[in-house]
Number of protein chains: 2
Amino acid sequence: MSRNDASELAQQLALRMADHLRRSGIAIGAHLAEQQFADELKVSRTPVRRALAVLAEMGVVVQEPNRGYFLRKLPPASVRPALVDGAGLAEERYLQIADDRLAGKLEEHVTETALMRRYGMPRRELQRVLHRMEKEGWIERKPGHGWMFVQMPDSLEAHAQSYRFRMLFEPASLLEPGFRLVKSELERVRRDQQMLLDGGLMRLSRARLFELGSDFHNTVIGFSNNRFMIDAIHRVNAMRRLLEYRAKFDRERITDQCREHLHLLELLEQGSRQEAAEFLRRHLDVVRERKTGMDKDKAVSTPRSTVTAQL
Amino acid sequence: MSRNDASELAQQLALRMADHLRRSGIAIGAHLAEQQFADELKVSRTPVRRALAVLAEMGVVVQEPNRGYFLRKLPPASVRPALVDGAGLAEERYLQIADDRLAGKLEEHVTETALMRRYGMPRRELQRVLHRMEKEGWIERKPGHGWMFVQMPDSLEAHAQSYRFRMLFEPASLLEPGFRLVKSELERVRRDQQMLLDGGLMRLSRARLFELGSDFHNTVIGFSNNRFMIDAIHRVNAMRRLLEYRAKFDRERITDQCREHLHLLELLEQGSRQEAAEFLRRHLDVVRERKTGMDKDKAVSTPRSTVTAQL
DNA sequence: TATTGCATTTTGTGTGTTCAAGATACACAA
DNA sequence: TTGTGTATCTTGAACACACAAAATGCAATA
């Protein structure tokens, strides 16, 4: 997997840049300006430059003295960009901890050092993982020492809850007064979904499929320009990712989903937002029912108490 | 302001315990078991013990040798417990940074050390503040060095957005299948609201009024047992706190709100959830309109683009 | 038996230093 | 004039140690 002397950040950037190149239909031979990437990726030119060196070694780009880098060929689909949530080496541990917790192998109350020992990772790295989990809302710092996992209903009920929540605000987001469709982003997700239908569905990894699905919803809700709804969809997706990590899933059924996604984009493009909203609501309802096999107004099971200590 | 030789945590706990004693209608002379507080506050007995020592010095409790602490009198209302979000010394800096940012005194891109210098706080403390802001969704780590404030619409539009969001899920939360009313909590917020009507409204600080309002909604939505909705209301409240920090506000109008809150509790107690949901929707709509002076489907202003870099 | 009082263990923060690498400034080439 | 190449400055993570205080275990007491 190419040289290892580039920094971790540079490696990540290389993957993201590769993904960008592949998805944005840029022409072979085009000049790739360093500063432009730097601005888009919110970093300085230094790591961009290193990332380009990595891509050069892969043969994706070529460097010409004093003229910079040029695209030589589109990067192979094998490069795995962490699309939804930036991640690198810690990602594996993150999933491992999540998995252990969901499988009941970790107590509700844990201390940092115990986790350090158990997963053999340095404090700083662990803390980053914990902060991310905290941000995603499934672990909390205790006032004194240690951390505490948030009480979660079982996977099925959690799914049901998330879809009931999504059915409330996702359709409504299309009707927000600030709604503005961004053509380039719409085209990007349209290409993604089309690619899935054209066989990508069978070819891509499960994680990748999930990411593309999340990205679709993130992008569409993003058009609403309502910060609260945008936050909400990101949060739901982060949680869903963990839940779906173990759930069964059915490649065939995703075909329908892609078709529906494409149809939704069409409705939006025609400006039929009202209709699109209604369609999205039904779309979510169908997915919800398939995943939980449940009536909308029935609880899946008696939920454990999730009341936060209020004292 | 009592001695200062207790740890910061103990100080915080003392405030929270005082608040708990005042609000939970406990009898004078009652025995206060250390372990019970420790469990509720999610800490060990050690800091609880120190907190009790602080309260003893205030004359709120008395210690009897080998028998423990006993309540002597209810703590004065002057003790300010950070009810909504635990905080201590860092709280001040947190608000200061928020204020500076909203006032445009801080650039969009900032580095940790620049902030350390500017606000004269140690790295660790600053990082905790930054992580909290990140959790609340208004700042993000850049991939390389530094942090980046999230683009926010102006205060008025943000308010409008938040209320449109709340009108979607708050009423719906009352209709969740997992909805379970917790009597003791309902009584607690009822007492709070009643206390406000009985003059507390004019007596209490602005921050305190805000906290009691937030707590009301948090508690009611909490009955839904839907984790996503509970997260959402916490998030909205965190953001609203910052926005309202500078906005004008009208003590008189809160009287109506309290009455409506009490009415909502009655409806819930009668089990009229459907009716309660509809009432809550109207309640939010009224508050929304008063705060933004806007029609529901109109944008307050052309919102700035808040599209997150997707590359 | 439950709870306090106290001693002991463990945890996580603060401090200072070092260093890889990200940010930045500037000269030079196209 | 724009963008690359390169040197320099700055940042923030890693490491090690000391210490305050939080967690824990146990004897004493109501």
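A salt bridge is a side-chain nitrogen of Lys or Arg within 4 Å of a carboxyl oxygen of Asp or Glu. R208(B) and E211(B) form such a bridge, with their closest N and O atoms 3.3 Å apart. The model shown here is predicted.

**Salt bridges**

Side chains of opposite charge can pair when their charged atoms come close. Over all chains, the count comes to 64 salt bridges. Three of them are set out below.

| Pair | Closest N to O distance |
|---|---|
| R123(A) and E112(A) | 3.0 Å |
| R208(B) and E211(B) | 3.3 Å |
| E157(A) and R164(A) | 3.7 Å |

Take R208(B) and E211(B) again. Both sit in helix α9 of chain B, which covers residues 206–222. They are 3 residues apart, about one turn of the helix. R208(B) is buried, and E211(B) is buried too.

Chain A holds a network of such contacts. Salt bridges with shared partners join D19(A), R22(A), R23(A), R188(A), D192(A), R208(A), E211(A) and D215(A).

Now consider R123(A) and E112(A), whose side chains meet in a salt bridge. This pair links distant parts of the chain. R123(A) belongs to helix α6 of chain A. E112(A) belongs to helix α5 of chain A, residues 112–119. The two residues are 11 apart in the chain.

Is each partner buried or partly exposed? R123(A) has a relative accessible area of 36%, so it counts as partly exposed. E112(A) has 12%, under the 20% cut-off, so it counts as buried.

E157(A) and R164(A) form another salt bridge in chain A. The relative accessible area of E157(A) is 1%, so E157(A) is buried. R164(A) is buried as well, because its relative accessibility is 8%, under the 20% limit.

**A positive patch on the surface**

Which residues gather in a patch of positive charge on the surface? Chain A gives R124(A), R128(A) and R141(A). Chain B gives R124(B), R128(B) and R141(B). Two elements give two or more residues to this patch: α6 (123–136) of chain A and α6 (123–135) of chain B.

R141(A) lies in strand β5 of chain A, residues 139–141. How exposed is R141(A)? Its relative accessibility is 38%. That value lies between 20% and 50%, so R141(A) counts as partly exposed. It is also over the 30% needed for a patch residue.

Helix α6 of chain A thus appears twice in this account. R123(A) in helix α6 takes part in the salt bridge with E112(A). The helix also gives two or more residues to the positive patch.

Terms used. Residues are numbered from 1 along each chain as its sequence is written. Chains are lettered from A and ligands numbered from 1 in the order in which they are written. This is a predicted model: local features need pLDDT of at least 70, side-chain atom pairs count only at pLDDT 80 or more; totals for chains, interfaces and linings use all residues. Side-chain values use heavy atoms; hydrogens and water are left out. Patches are made of residues with over 30% relative accessible area and no salt bridge: like charges are joined within 9 Å, nonpolar side chains (Val, Leu, Ile, Met, Phe, Trp, Tyr) within 5 Å. Accessible areas come from the Shrake-Rupley method with a 1.4 Å probe; for residues, only the protein chains shown count as cover. Lys and Arg count as positive and Asp and Glu as negative; His and the chain ends are not counted. The place of a charge is taken as NZ of Lys, CZ of Arg, CG of Asp or CD of Glu. Helices (H or I, at least four residues) and strands (E, at least two) are DSSP runs, numbered from the N terminus. Buried means under 20% relative accessible area, exposed over 50%, partly exposed in between (1.4 Å probe, protein chains only).
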